Amino acid sequence: MSEERFGEFVLVRRHEDGHVAELALDRPKAMNAVSSEMARSIGAACAALGGDRDVRVVVVTSTHERAFCVGADLKERNSLTDAELVRQRPVARGAYTGVLELPVPTVAAVHGFALGGGFELALACDVIVADRTAVVGLPEVSVGVIPGGGGTQLLPRRVGAARAAELIFTARRVEAAEASELGLVDVLVEAGRDREEALALAARIGANSPVGLRAAKRALRLGQGLDLRAGLEVEDAAWRAVAFSGDRAEGVAAFNEKRTPRWPGE
């Protein structure tokens with residue numbers, strides 16, 4: 001396993017053959033509160049991972065024992081003038097869009113607090129694995145703002161408009177069992193096993209065609225919110241992108257020869 005630092009607060013680990021990458025939030029003294037510096041590092045790490053054709057899956061984790069991420073650094077925010085806050089907005093937004101726009105499947109490994117922007121980082125992922133210590137929520141209206149990392153758009157896509165409205169308007173925190181029942185998280189595991197289970201899931205995903213994974217993610221994301229006819233056109237375009245690829249040829253050959261595929265990734 002290799003490691004690479006992006007600034008002080010983000011660590012990228014590449015596992016095994018490099019197909020699974022781990023983006024670890026590593027600001028333990030602040031429970032991974034997202035400062036401007038940390039936001040820049042998340043964005044930079046995502047840009048690097050998105051451009052690495054060897055990476056097939058990204059897992060977002062935390063090095064803090066009691067928190068995934070508690071959201072924006074409100075101490076920093078309290079020190080900003082209005083003009084500074086305007087300039088800081090694209091920096092903060094870049095962290096969330098960085099995760100959201102990764103071209104490969106993404107898995108969040110959540111334990112402890114995942115609140116505000118922390119939960120939005122998880123929502124930006126394709127699958128959320130949470131352990132039984134997880135507490136999630138979007139409490140922004142309780143401090144006079146609204147979710148600004150995609151929460152008002154991503155949460156309704158998960159749980160529907162009415163449920164999202166209730167959760168955002170009340171600013172309430174949701175513990176793991178209820179979060180699983182409501183669909184706020186996808187896989188619920190025993191305490192302390194979120195990272196392990198998320199990495200195991202990523203390994204299963206990463207065994208598949210890199211061309212197919214990227215095309216499937218593109219079809220899933222671009223098709224959201226479209227009517228069926230338009231969505232099927234998105235799917236057809238993605239199918240055409242893979243149908244004549246080296247991965248398709250290798251996958252069919254490996255199936256017929258009863259062997260493990262050796263994906264060319266093209």
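The following paragraphs describe the fold of a predicted model, moving from the whole chain to a helix, two groups of strands and two single residues.

At the level of the whole chain, the model holds eleven helices and eleven strands. A convenient check on overall shape is the radius of gyration: a compact globule of 266 residues would have a value near 18 Å, and the 19 Å of the protein chain agrees with this. Along the principal axes, the C-alpha atoms fill a box of roughly 60 × 45 × 40 Å. Of the 266 residues, 47% count as buried. The accessible surface comes to about 13,300 Å², and carbon and sulfur atoms account for 54% of that area. As for contacts between residues at least 6 apart in sequence, 66% join residues at least 24 apart.

Helix 3 offers a good place to look more closely. This helix covers residues 82–100, and at 1.5 Å a residue its 19 residues should span 27 Å; the end C-alpha atoms are indeed 27 Å apart, which agrees. The helix nevertheless bends by about 35 degrees at Q88, with the proline P90 following within four residues. Q88 itself is buried, as are A92, A95, Y96, G98 and V99. The partners of these buried residues are helix 1 (36–50), helix 2 (74–79), strand 6 (106–110) and helix 4 (117–123), against which they pack.

Strand 6 leads on to strand 8. Four bridges join these two strands, which run parallel, and one pair of bridge partners is A108 and I128. On the other hand, strand 8 is also joined to strand 11 (residues 187–189), by three bridges and again in parallel; here V129 has V187 as its bridge partner. How enclosed is strand 8 by the rest of the structure? Four of the five residues in this strand (residues 127–131) are buried, so strand 8 is largely enclosed.

A further set of four strands forms an open sheet with mixed pairing, in the order 5-7-9-10. Strand 5 (67–69) and strand 10 (174–175) stand at its edges; each has a single partner strand, so one side of each is left without a neighbour in the sheet. Strand 10 pairs with strand 9 (residues 135–137) in the antiparallel sense, over two bridges, and V136 and V174 are bridge partners there.

Within this sheet, strand 7 (residues 113–115) contains L115. Is L115 buried or exposed? Its relative accessibility is 7%, and because buried means under 20%, L115 counts as buried. Beyond its neighbours within four places in sequence, L115 is in contact with C69, V70, G71, V135, V136, G137, P139 and R173. By C-alpha positions, L115 lies 24 Å from R221, a residue 106 places away in sequence.

A second leucine, L199, sits in helix 8 (residues 194–206). With a relative accessible area of 15%, L199 is buried as well. Which residues does L199 touch, not counting those up to four places away in sequence? They are H15, V20, E22 and V59. The C-alpha atoms of L199 and E140 are separated by 30 Å, with the two positions 59 residues apart along the chain counted as their separation.

Terms used: Residues numbered from 1 in each chain as written. Predicted model: local features only at pLDDT ≥ 70, side-chain atom pairs only at ≥ 80, totals over all residues. Heavy atoms only, no water. Expected span 1.5 Å × (residues − 1). Bend = angle between axes of the 7 residues up to and from the residue. Buried < 20%, exposed > 50% of the residue type's maximum accessible area, 1.4 Å probe, protein only. Contact = heavy atoms within 4.5 Å. Pairing = 2+ DSSP bridges. Rg over C-alpha atoms; globule rule 2.2 N^0.38 Å. Areas by Shrake-Rupley, 256 points an atom, 1.4 Å probe, with all protein chains shown as cover.
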